[in-house]
Amino acid sequence: MKKIIILLLIWIPVVGFAQQNDSTWIVNNYTKKEIYITMRDGIKLFTTVYMPKDVSEKHPILLTRTPYSCAPYGEDKFSAFWNSPRTYFMKENYIYVQQDVRGRWMSEGVFEDVRPFNPNKKGTETDEASDTYDTIDWLVKNLQNNNGNVGVFGISYPGFYSTMAALSNHPALKAVSPQAPVTEWFLGDDFHHNGAFMLMDGFAFYSGFGKPRPKPTTVGAKGFDFPTKDNYGFYLKTGALTNFTKLMGDSIKFWKDLMSHPNYDAWWKARDARANVKLISPNIATLVVGGLYDAEDCYGAWNLYKAIEKKTNNNNKIVMGPWYHGQWARSDGSFLGNVQWGTNTTEWYGKNVELPFFNYYLKQKGSINQLQEATIFFSGANEWKQLPKWPVDEVKYESYALRKGGHLSKIVPLIAPLSSWEEYISDPAKPVPYTEDIHFGRTREYMTDDQRFAARRPDVLVFQTEPLENDLTLAGPITADLMVAITGTDADFVVKLIDVFPDNFTYEKDNGYVMNGYQMLVRGEVMRGKFRNSFEKPEPFVPNKPTRVKYELPDVAHTFKKGHRLMIQVQSSWFPLVDRNPQQFMDIYQTKDNDFKKATIRLYHNDSKIILPILK
């Protein structure tokens, strides 16, 4: 321990000195300008430009459009780029541009969440693609010493604006990288997963972000003043969603929209960023980036890539690393929670993927021949793989049955269907927590958390293989195919894929957590049962009638090492990550506290299975 402390004392000043050197270099080599760019309808958008002082050559423009502010405001105040792994863009003398999107912070106009793309704009009609087009047009015509090439990137909501930028098809736009992109807010990103409302993220985020902004400002709105730091306790005590609506008040438009569109209707479909990707010019290269363990927009990265790949003929690639939301731009990426990856994955990505990608398309510098169609990190094996496509052709889908006695094994012929089952009581008054500890905000580490706490609950079913005799690698989406019967008319189903470490497992570099027998969450997903056949037209269950619930979990890239076990957990709540199901067929957004009922959930052995994408 003493040696570790000494090393830290040596390392911290070195890091601080390096950051100080970077900050001094950036301030000495860049100037900052704040300008307003006028859109085609006369609205002016606040834009910050960081210009390299170097005039020995012309420089490309790298643009990020954001609803999260261009702060710090003031031409004498620099953003702390030196705290980011991305200082390489500054060292390459990129012209870096940030813009407050329409209706946010210092920009004029009215903000609309995930504003739908309009493919048939006329005259002065606008959307996010036209705002991007007008911005790029102004930049290339007015910024001195630019080389006429523009790239766009952004993480999360700015990832959505990056997708919209690709739809602008401005001739100067050469490369776009939507990263952890908001893509589809009903099926898989941020606020809904398979129609189930992600309560904690939705309420905590929109109680502040959603507040109206009467006029341009540099001061953000305050969020809800939580009375306790125990999120499980707060959300459970608050109760039904109608109570959260009362707390939210009448001013937050998008919350009202959420509560008014309980099913997958035309309103949601218009906000699917994938809907018009077929219009992306073949001259615009796209690089979709995401995290295997992104708690917010894991769905968006995988599925935006697949949509672009299917509907366009542009140069489209995907990178998925072992990261939480945006980790590749924030920290070294060598671990997540208790799980270690063995290398600095963020540094590798920046040097080998992101910088070469933009340098090639915006500076005609270097090569991207080493960048294959899919650059995927396989956790477990802890290695990057360069693949010719995703999913790869070498995948074979194999079914593993959930069997009596908690066994999980390759499917066997059914002798007596529905003859064996086990049950649990799903009690909305005591929902299964999503993590073991007491937290205030939703953790990002839960995506790899130890699941032993859940395995010990009577309302969680557990199935696992024997220790594996050989490595087992999964590469692609997982399908949960459950045969169930419930005493109510609706229920949620949460399926978790877990890597069970051997009882003698330890890391070479001790992380201070007991890793013997660790149950690492590899992928978990919820399905709101009433949407099992259609997200547009929900259906009640017939009480006690055997019913199939089949749904897809987001893609995984993970190797279960020899000696590990593969585990499946099944439960009917995941709180307060997901709002509670009243276990009655109804509009859950209109529930009252007395609507919540206990239900007995029966799962039939052998008739229930998990379909795994096994890489041969």
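These are numbered comments on a predicted model.

1. Cysteines. The model contains 0 disulfides. A disulfide would be a covalent bond between the sulfur atoms of two cysteines. Cys70 is buried, because its relative accessibility is 0% and the limit for that class is under 20%. Cys298 is also buried, at a relative accessible area of 6%.

2. Main core. The largest nonpolar core holds 179 residues. Within this core, Ile376 and Trp390 touch the most other members. Apart from that core lies another, of 5 residues. Phe46, Cys70, Tyr73 and Met106 are among the residues of this other core.

3. Surroundings of Trp390. Leaving aside residues up to four places away in sequence, Trp390 touches Trp302, Tyr305, Lys306, Ala374, Ile376, Phe378, Ala475, Gly476, Asp555, Val556 and Ala557. Ile376, named above for its core contacts, is thus on the contact list of Trp390.

4. Cis bond after Trp390. The peptide bond from Trp390 to Pro391 is cis, and its omega is near -10 degrees. Pro391 sits in the loop that runs between strand S14 (383-387) and strand S15 (395-403). Most peptide bonds are trans, so a cis bond deserves a look.

5. Second cis bond. Phe575 and Pro576 are also joined by a cis peptide bond, with omega about -5 degrees. Pro576 is in the loop between strand S23 (565-571) and strand S24 (599-604).

6. Positive phi at Asp190. Most residues other than glycine have a negative phi. Asp190 is not a glycine, yet its phi is positive, at about 50 degrees. Its place is the loop between strand S6 (173-179) and strand S7 (192-193). Asp190 is buried, because its relative accessibility is 8% and buried means under 20%.

7. Positive phi at Gln364. Gln364, a residue other than glycine, also has a positive phi, near 50 degrees. The residue lies in the loop between helix H11 (345-363) and strand S13 (374-378). Is Gln364 buried or exposed? Gln364 is exposed, because its relative accessibility is 56% and the class begins over 50%.

8. Helices H6 and H7. Helix H6 covers residues 231-238 and helix H7 covers residues 241-248. Their axes come within 8 Å and cross at roughly 100 degrees. Angles of 65 to 115 degrees count as roughly perpendicular, so H6 and H7 fall in that class. H6 brings Phe234, Tyr235 and Thr238 to the contact, and H7 brings Asn243, Phe244 and Leu247. By class, the contact residues are 4 nonpolar, 2 polar and no charged.

9. Helices H5 and H6. Helix H5 (residues 199-209) packs on H6 at an angle of about 90 degrees, and the axes are 12 Å apart. H5 is therefore roughly perpendicular to H6. Leu199, Met200, Phe203 and Ala204 of H5 meet Asn231, Phe234 and Tyr235 of H6. This contact has 6 nonpolar residues, 1 polar and no charged. Phe234 and Tyr235 of H6 take part in the contact with H5, and they also take part in the contact with H7.

10. Lys609. Where does Lys609 lie? Lys609 is in strand S25 (residues 609-615). Lys609 counts as buried because its relative accessible area is 19% and the limit is under 20%. Beyond residues up to four places away in sequence, Lys609 touches Ser399, Tyr400, Ala401, Leu402, Ile411, Thr479, Ala480, Asp481 and Arg548.

Definitions and conventions:
Residues are numbered from 1 along each chain as its sequence is written. This is a predicted model: local features need pLDDT of at least 70, side-chain atom pairs count only at pLDDT 80 or more; totals for chains, interfaces and linings use all residues. Side-chain values use heavy atoms; hydrogens and water are left out. A disulfide is a pair of cysteine sulfur atoms within 2.5 Å. Buried means under 20% relative accessible area, exposed over 50%, partly exposed in between (1.4 Å probe, protein chains only). A nonpolar core is a set of buried Ala, Val, Leu, Ile, Met, Phe, Trp, Tyr and Cys residues joined through side-chain atoms within 4.5 Å. Contact means heavy atoms within 4.5 Å. Axes are lines fitted to C-alpha atoms, for helices over the stretch in contact, and angles run from 0 to 180 degrees between N-to-C directions. Helices (H or I, at least four residues) and strands (E, at least two) are DSSP runs, numbered from the N terminus. Angles under 35 degrees count as roughly parallel, over 145 as roughly antiparallel, 65 to 115 as roughly perpendicular and the rest as oblique. Ala, Val, Leu, Ile, Met, Phe, Trp, Tyr, Cys and Pro count as nonpolar, Asp, Glu, Lys and Arg as charged, and the others, Gly among them, as polar.
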